[in-house]
Amino acid sequence: MFTDRTASPVSNLAIRILSEVGNNMDYVAAVVSLKPTGGIPGDISADEMDRVADLADRYSFGEIRVSHEQSLVLPHVRQDQLHELWLGLVEAGLATGNIGLVTDIIACPGMDYCSLATARSIPVAQRIAERFADPERQREIGPLDLNISGCINACGHHHVGHIGLLGVDKSGEEVYQITLGGASDDTASIGTIIGPAVSSENVVDAIDAIVGAYIARRDDGERFIDTYRRLGAAPFKEAVYGAH
Ligand code: SF4
């Protein structure tokens, strides 16, 4: 989220250009984040949805898609209208500039809404997003997929998050198993559990410690997932379990 959204250019990821559509370089698919800091990942009100529908009518041939990343895609936007679209999103309060960053968390409904859950997901996502709310810090960290599931059914796809959290019940206590190294892009991989589950109280600190270990060890321009693949789990385990 940008402190002064009206000053944020399109390049600040309020809208991410997915790809040119077909061979027509004049049109792009644009992603609209539904991950405001402190909000519920993927939630949008009826009024906000009406605003997006109006914008889709104006800029995307009336088409909106919902992504598995819990955001919206306007699939046919003229490049020269991207800025106007962004201004419309600013007006609608939907221009959070965090696509692909640490606060763009995928979280299942978890125990707040799902009868199968063994732990909460949404409040954990909110606490992590609040910890990393500073947009400068988010951009400094760079691309990072963080996914949370509230039970082994894995609706939050935690196993393919660069960082994954799986909420489990341990003798009546909600604890979180951490996986690292998952990916759902064209280098797909399943994350590896790095050690014992951490308590709800400590889970945000654990994520912070993992990110800190990455920042301390990354090469210039190296994404989190690439640092993890180069170094393996050891420095991240040390960061988490040395602290707890
Ligand atoms: S992962 Fe579990 S808790 Fe989350 S939505 Fe799926 S079934 Fe429910």
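Colleague: Going by DSSP runs numbered from the N terminus, helices are H or I with at least four residues and strands are E with at least two. At what angle do α1 and α2 pack?
Modeller: This is a predicted model, where local features need pLDDT of at least 70 and side-chain atom pairs count only at pLDDT 80 or more, while totals for chains, interfaces and linings use all residues. Residues are numbered from 1 along each chain as its sequence is written. Helix α1 (residues 46-59) packs on helix α2 (residues 82-92) at about 170 degrees, and their axes are 10 Å apart. Axes are lines fitted to C-alpha atoms, for helices over the stretch in contact, with angles from 0 to 180 degrees between N-to-C directions.

Colleague: What does that make α1 relative to α2?
Modeller: Roughly antiparallel. Over 145 degrees counts as that, under 35 as roughly parallel, 65 to 115 as roughly perpendicular, and the rest as oblique.

Colleague: Is the crossing of α1 and α2 left-handed or right-handed?
Modeller: Right-handed, meaning the near helix is turned clockwise from the far one by less than a right angle; anticlockwise would be left-handed.

Colleague: Which residues meet there?
Modeller: On α1, E48, R51, V52, L55 and Y59; on α2, L85, G88, L89 and A92. Contact requires C-beta atoms, placed from the backbone, within 7 Å. Six of these residues are nonpolar, one is polar and two are charged. Nonpolar covers Ala, Val, Leu, Ile, Met, Phe, Trp, Tyr, Cys and Pro; charged covers Asp, Glu, Lys and Arg; the others, Gly among them, are polar.

Colleague: Next, α5 and α7. How do their axes cross?
Modeller: Helix α5 (residues 200-217) and helix α7 (residues 234-241) cross at roughly 140 degrees, with axes coming within 8 Å. The two are therefore oblique to each other. A206, A209, I210, G212, A213 and R217 of α5 touch P235, F236, A239 and V240 of α7. That contact has eight nonpolar residues, one polar and one charged.

Colleague: And how does α3 pack against α5?
Modeller: Helix α3 (residues 122-131) makes an angle of about 40 degrees with α5, axes 10 Å apart, which makes the pair oblique. V124, R127, I128 and R131 of α3 contact S200, V203, V204, I207 and D208 of α5. By class, five are nonpolar, one polar and three charged.

Colleague: Changing topic: how many bridges join β3 to β4?
Modeller: Two, between antiparallel strands β3 (residues 65-66) and β4 (residues 72-78). Pairing needs at least two DSSP bridges. R65 stands opposite V73 in β4. Five residues lie between the strands of this hairpin, where Q70 has a positive phi near 65 degrees.

Colleague: Which residues come nearest the ligand?
Modeller: C108, C114, G150, C151 and C155, out of 13 around the ligand. A residue is near if its C-beta atom, placed from the backbone, lies within 6 Å. The shell has eight nonpolar residues, five polar and no charged ones.

How values were computed. Two residues are in contact if their C-beta atoms, placed from the backbone, lie within 7 Å.
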